[in-house]
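Please keep the sequence and the coordinates side by side while reading, as the paragraphs below move from single residues to a whole helix and its surroundings.

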Amino acid sequence: ETWDDRIAATIKEDEKLLRQMHLDLKLYLAGIRFSNRSDEGVNGAIEASLMAANLEAAADQVARKMTELARALHSEGVHFSKSGRQELFDFMDRVQANAQLALKVMMTRNPDDARELVAEKESIRTAEQKLQSKHLSRLREGVSESIETSAIHQETLRILKQVNTSFAMAGYPILQDAGDLLSSRLQQRAS
């Protein structure tokens with residue numbers, strides 16, 4: 001909401017550090033992958049590397065694209081409409097809650113939490129579509145703030161959905177191990 005050069009620079013520096021940590025992790029995992037490790041160890045290394053790539057992708061979305069959008073809001077001197085702003089904040093809260101759940105899933109490998117995380121991925125996709133539609137309704141109504149911030153609003157929703165997807169990927173290996181994935185969909189469990 002409020003542009004701050006110092007915070008933007010810190011975010012970008014943190015993202016560079018994360019990128020370096022991801023490279024270091026890949027090099028480490030590549031080193032152990034070629035030694036005499038069990039299939040389980042190799043699969044764990046591959047899983048860790050893929051999850052690190054997903055987390056790096058999420059960080060990149062925030063550090064590069066979200067800061068660009070924040071800078072655009074500031075430099076253009078525009079603001080989201082009251083309802084658009086609240087929608088973005090509520091959507092961001094959901095994505096943050098899912099990020100926390102993803103971290104829990106990575107630590108505990110609990111299949112129930114993994115199921116919830118993957119189901120939330122679909123829920124977020126549906127919510128993003130509804131919010132895009134609400135935004136278009138405000139444009140049709142001629143809400144000036146919505147017109148001024150339309151591209152930024154829509155891109156923010158899209159980026160948040162992508163961040164959510166990056167974190168949701170933590171659930172898939174656990175569900176695969178639990179036999180809860182079909183070829184590309186989450187199996188429905190009888191309750």
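**From single residues to a helix**

With a relative accessibility of 29%, Thr165 counts as partly exposed, because that class lies between the limits of under 20% for buried and over 50% for exposed. The model in which this value was computed is a predicted one. Thr165 belongs to helix α6, which covers residues 150–168, and although Leu55 is 110 residues apart from Thr165 along the chain, the C-alpha atoms of the two are separated by 10.0 Å.

Glu128, which has its place in helix α4 (residues 111–141), has a relative accessible area of 8% and is therefore buried. When the neighbours within four places in sequence are left aside, Glu128 is in contact with Phe91, Leu157, Arg158 and Lys161.

One of these contacts, Phe91, leads on to helix α3, where Phe91 is listed among the buried residues together with Gly84, Glu87, Leu88, Val95, Asn98, Ala99, Leu101, Ala102 and Val105. What do the buried residues of α3 pack against? They pack against α4, α6 and α7, the last of these being residues 171–177.

The length of α3 can be checked in the same model: helix α3 (residues 82–108) has 27 residues, which at 1.5 Å a residue should span 39 Å, and because its end C-alpha atoms are 39 Å apart, the two values agree. Just after α3, Arg109 takes a positive phi of about 60 degrees.

Technical notes:
Residues numbered from 1 in each chain as written. Predicted model: local features only at pLDDT ≥ 70, side-chain atom pairs only at ≥ 80, totals over all residues. Heavy atoms only, no water. Helix = DSSP H or I, 4+ residues; strand = E, 2+ residues; numbered from the N terminus. Buried < 20%, exposed > 50% of the residue type's maximum accessible area, 1.4 Å probe, protein only. Contact = heavy atoms within 4.5 Å. Expected span 1.5 Å × (residues − 1).
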